[in-house]
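This report examines a single protein chain at the level of residues and secondary-structure elements. Please consult the sequence and the coordinates alongside the text.

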Amino acid sequence: MDLFKAGRMKQCVFLKFMFLVLSLSGCDLVSAWDNDSCGSIFPNRLVASVSSSHNITCSFCKDGAADKVQWIYGGSALPSSQFIKINSSASMAMLTNLSLTNREGENLTCISDEESKTMLIQTGYPPDAPRDLKCITQNFDKINCSWDQGRDTNIETNYTSCSWSPTDCTNVGKANFVEHDFLVFSMVILQITAVNELGTQMSEKFSVKESDIVFIPYTPKLNRVFQDPSNDQVMVVEWFEGGEAYELDLKMIFQTQVLQAYKMQEVWVGNYSSTLDFTRNRVLQLTWTSDMPLQCTSYLVKIRSIGNDDDFLFTGKRAWSEWSPPLKLDGRDVTDQTEFEFYPPDSTVLEAGSSPVFCCVAGKGKRVKELNFDGLNFSSTVLSNRSMVVRVPNVPPSRESGANVICISSLNKLEGATVFIGYPPDTPKNISCETRDLQTLNCTWEPGRSTQLVSKHKTIYSLNIGSSQNPLPCEHALNTEYWCSFRISNRSGVTNISIHAKNSLGKVQSSITVDAAHVFRPFAPHQLREEKTTPYNTTLSWSDQVNYTDINLHCEVVIRDESGQIMSLNYSLLGNPTNTQHTITLINLQPNAEYSIRARYSSVHFWKWSEWSNVVEVKTKITAPSVSLDVWRTVMPNQTVTIYWKPLLATEANGPILFYNVTWSKMGSDSINSTRIRGTSVQIHLDQAGYVITTMAQNGAGTSPPSVIKIPPQQDDENLTFEKITGIGDGFIVTWPTQQAENCGYTVQWCESLSLPVCRVDWRKFPSNTTGVTIKSDTFQAGVQYSLEVYECGSNGDHLLKKLLGYTRELAPTEGPKVEISKTTGDSVQIEWKDVPLEKQRGFIEGFKIYYSKFYNDSAANKPVNSGNQSANIILDPDKRAFKILGLEPGTTYNVGVRAFTSGGDSPSNSVTVTTPNSPIALILGITLPLIGFIGLGVVLSIFCYQKQEWIKDTFYPDIPDPTNSKVLDPGSFPQGVNLCKTLEPKDCTPNEVHVVEDKPIVGEANKSIKAEEQGEVVPEDDSENEIQHQGVISYRPSSTSLKMSGEPNPAFEAAAPLVTCVYPSEVTYTSIRGPAPPQQEAAGPDQMEDDTEVIVKSGYQPQIHMATNPALDREQPDLTLHVNGYQPQMHNKSWSLDSGDLLPLEPDSIGSPTSINSQAFLIPEKMMGDELKPSGIMWSLPFFNSRMSSNSYGNSNHS
């Protein structure tokens, strides 16, 4: 019961709170109740802003209905917290933060038993101020201005447009545009007011100028779309111009869009410009060429337009109209055909280099699976569910049999078509027409590029004359020859000729203008033959192949001789009837010469030469030689004369030379001697008298004119010496003086000097007024020495004027002089060399170059004698054969070389190797000076050692201290009051253990030694070398070890005893021998302070012995009592470490040297120990350096 009352109280408080809220929100509950009536809902309609709150009152006619009320809003029941009971028959719903309803609104219904009341609630927004006014015109008569309404109010909003004044307003209702008259050169002022049930908003005043108005034409209307009948790739689009709607001759641009219907994909957009005719509605047309046949698929076509007038007619803006409704052009892929179709169809001819598109259209109910062009790998594209296309870029020419297009259906059935690919005919080039007989005109041309098409697709040629409409077929225009001929009626006159070429891909033509008289090309002379021939002339004849009567002809006769020289002769003649002879005589020919003769024709109006006639071979008759021989002679000292002559040229011999007649006779005598020679020289033995020699050449027709040469009586002109002459590269310039006032000329003779005195001479003769000539010959060679002689011709013969030696061009010698050593001294070498052989000189030797260099391992290079800029010691005397090289070094080997040089270069170097002898003084100095140096050094060292002998003794041989003679323990040695624990304090020290390190296997022998000692036997410390090598590890614990000292106790130790407790170890261990570094002591742990504690304590002199430091090992040794007193040797030399304090493994043969008390440095150097005690395999540092470096520690430790 208490819970119920508490719930009621909470409900009451909540209702009071809601009542207070509604009161504050402006809801008048009293007025709602006052207006309450039986069976009503208030208000019955509500238009409210989004997010607002409202109270709705529902009154029922029946009391108590409010207790059972149910509120439903938008199809959903309101929770009880959103409505309250006013009285028994009235209820109030509280709608808070209303959301946006749909445009028609939402119903709110209150239901109680059989009563229900319903109202409509609409929510929305107050209107925004209209903005962004835009005005368009479509015909320049009216303008349509629209604005942006802003946010959607969701409730009915009405607009009012006021133009010039608030009274000039137009209510446009819910529309967002208003129409006004288009006034040119005027401004439109508009203000828009938006009103709905939630508020009112007014726009700014819009000022609209002409430049702000946009011209948008009416949407064009398509008429039809169809395929061009003549080309299945061309689409024709027709539409109505629509000029009547504008009443103006406007300029328009119409834009056409083509889309593939299956994919709705744009494939082309084109523009068409036109000026409208406002008096009628014309039909305009536009064409589009597709890249594929239009049958391949279906297309959709749309069109729109835009104004294109000049700005001064309309200053406003222009925009495209809306697209027109599309028209469709059906392809073959939507028909009812059942078979596969190919486009282009079978046997189509296509142009090479183009990019054709091949498509395959399947029959109804079928599908294309694959499309392939001629086996090539090109990707295909699906156009529709029944069509597929393949594009082939830059298609090549096909085979003669064509290229195949293969289509595979979904059932793997093959379908195909064949196409032919080539080129259109090329324009005929180089057209040429000519006539051979002035009756028929024959035209030829070049076809240009091959079309690659044959058979019925090949190119057809025809010829058209003038303006004739009946072209002549050119049946002879084949693949190899292209010509056509026709008859002409007159021999002269201009004719227009055109050549036409046509195939499946196109046709072309080329024209030419021809005058028959100027393209006349006669036939060649017919049957050219020889009629009569003499040594100097020949007569030829020929005939004409056709009738050239009264036609002026030009004839060219070409003559070719044996040497290949050609001579051309031209004749003008008048044509004859067929087979009538023409005759000509060729004169001034060479005797005994062979000629090849041929002829050809041309017209007077030269066009082309005819072909050549047949060739006639003519040989003229022989005759006697026409010139005398060129004769020369050489005379030996014994008057043996050799006569030389040069063979006649073929043009001079006039026939084969059979032999040469040589006759000679003594001057003043009638006796004649003769001989016949077939060669070009003869040797005659004469006496000392003068002779006249005559030489003639003989052929089958006679002899040549005689050549006479006189041999004077023997003279002494042969004693002339040779002069040097310098060549000019390919010859010589030879000059000479004149000795006789009257002479018959000069002769220059030359030959290779190496072949003297017998050589094959050559010569040239010059007239008497010549005193200098340039001699050149094809036989001249560079680097070859020639002998030249100049002769003067006199009344009794030729006399020698000059003898010369020279080279046309000098070269470097191919071989150097051979060098020999004639004398050597310590600083010089005398060399000699031989001549270079003449055949190796290749020029005049101008001197020699001397080289030398020191010899290093057979690889030294020649160095010049001088160290300056000169490259060698140059000797300019070509006759010198010796040279002395100075400034050399004694006992040194040199390379010496000599080179000969000409103006053409240096010869190779022939070198020899020579060694200069040593100087005695240098040898003595080389021995004595080092000896003196060593002696001086020994003296200096001896003086030094003598002065420093104490230091050397202390350093290298320090004294070993004797503990019995030490005064360290004497009274007064230590200062009073020093609380130190000294190592030499005389107190009893009883060690618990002593370890001697030895090899384990020898432990038994060590035990035997100790037992022997216990029995009273004396055991030596170091009896033999074998015992040294067999030491092991011996442990013993002496019962007591007393150090008996004489004298009184040291007061220093007594004074220090109460203050410092000296802890003596229970186990004694000796460290390894180290370098001069201070010994390092490891801190002992607390557990080691008992019997096992390892402490290094030095009390008195302690020998350094390597003791075992392992306590465990110690305990394993027997308990031995050993008296340790005095010096003990240090053992195990191989375990010494000079660089570290680490213990090395113990060696059985080790023995060491003692050290000082507070140092680990050696006191006895190794060389004072026996060889048997030296460490093997270990490098020791010098111990005296270490002892000197640690001398300060000695002083501090042993201060007494």
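The following sections treat the chain as a whole, two sheets, backbone geometry, salt bridges and one acidic residue.

**Overall composition**

The model is predicted. Its chain has 12 helices and 75 strands. Of the 1200 residues in the chain, 40% are buried. Among contacts with a separation of 6 or more, 67% are between residues 24 or more positions apart.

**Two open sheets**

One open sheet has four strands in the order β1-β3-β7-β6, and their pairing is antiparallel. Its edge strands, β1 (40-42) and β6 (83-87), each pair on one side only. On average, and with direction ignored, neighbouring strands of this sheet are turned by 20° against each other. Strand β6 is joined to β7 (residues 90-95) by four bridges, and the two strands run antiparallel. Within this sheet, F83 stands opposite A93 in β7.

Another open sheet has five strands, ordered β2-β9-β8-β4-β5, and its pairing is mixed. Here the edge strands are β2 (45-49) and β5 (76-77), each of which pairs on one side only. Strands β4 (residues 70-73) and β8 (residues 106-112) pair in the antiparallel sense through four bridges. Residue Q70 stands opposite I111 in β8.

**Backbone geometry**

Most residues other than glycine have a negative phi, and most peptide bonds are trans. Several positions in this model depart from that pattern.

The peptide bond from F42 to P43 is cis, with omega near -10°. P43 lies in the loop between β1 and β2. A cis peptide bond also joins Y343 and P344, where omega is about 0°. P344 is placed in the loop between β27 (341-343) and β28 (349-351).

Positive phi values occur at S455 and N588, neither of which is a glycine. For S455, phi is near 60°, and the residue is found in the loop between β36 (440-446) and β37 (460-465). With a relative accessibility of 58%, S455 counts as exposed. For N588, phi is about 60°, and the residue is found in the loop between β46 (581-586) and β47 (594-603). N588 counts as exposed, at 67% relative accessibility.

**Salt bridges**

Side chains of opposite charge can pair when their charged atoms come close. The count for this model comes to 31 salt bridges. Three of the pairs are listed below.

| Acidic residue | Basic residue | Closest N to O distance |
|---|---|---|
| D277 | R280 | 3.1 Å |
| E415 | K413 | 3.6 Å |
| E889 | K854 | 2.9 Å |

In the pair of D277 and R280, D277 is buried, with a relative accessible area of 18%, whereas R280 is partly exposed, with a relative accessible area of 45%. K413, which forms a salt bridge with E415, is partly exposed at a relative accessible area of 47%.

The salt bridge between E889 and K854 has its closest N and O atoms at 2.9 Å. This pair links distant parts of the chain: E889 is in the loop between β69 (882-885) and β70 (893-902), K854 is in strand β66 (residues 847-854), and the two are 35 residues apart. E889 counts as partly exposed, at 39% relative accessibility. K854 is partly exposed as well, with a relative accessible area of 28%.

Salt bridges also link E434, R436, R521, K608 and E611 in a network.

**The environment of E810**

Which side chain of opposite charge is nearest to E810, and how far away is it? That side chain belongs to K724, at 7.5 Å. A salt bridge requires a side-chain nitrogen of Lys or Arg within 4 Å of a carboxyl oxygen of Asp or Glu. E810 is buried yet has no salt bridge.

E810 lies in the loop between β63 (797-807) and β64 (819-824). What does its side chain reach at 3.0 Å? The partner is the backbone nitrogen of F844. The E810 side chain also makes a polar contact with the side chain of S903, at 3.1 Å. Leaving aside residues up to four places away in sequence, E810 touches R842, G843, F844, T902, S903 and G904. Both F844 and S903 are thus named among the residues that E810 touches.

Key: Residues numbered from 1 in each chain as written. Predicted model: local features only at pLDDT ≥ 70, side-chain atom pairs only at ≥ 80, totals over all residues. Heavy atoms only, no water. Buried < 20%, exposed > 50% of the residue type's maximum accessible area, 1.4 Å probe, protein only. Lys, Arg positive; Asp, Glu negative; His and termini not counted. Polar contact = N/O pair within 3.5 Å; in protein donor to acceptor, adjacent residues only side chain to side chain. Contact = heavy atoms within 4.5 Å. Pairing = 2+ DSSP bridges. Axes fitted to C-alpha atoms, helices over the stretch in contact; angles between N-to-C directions.
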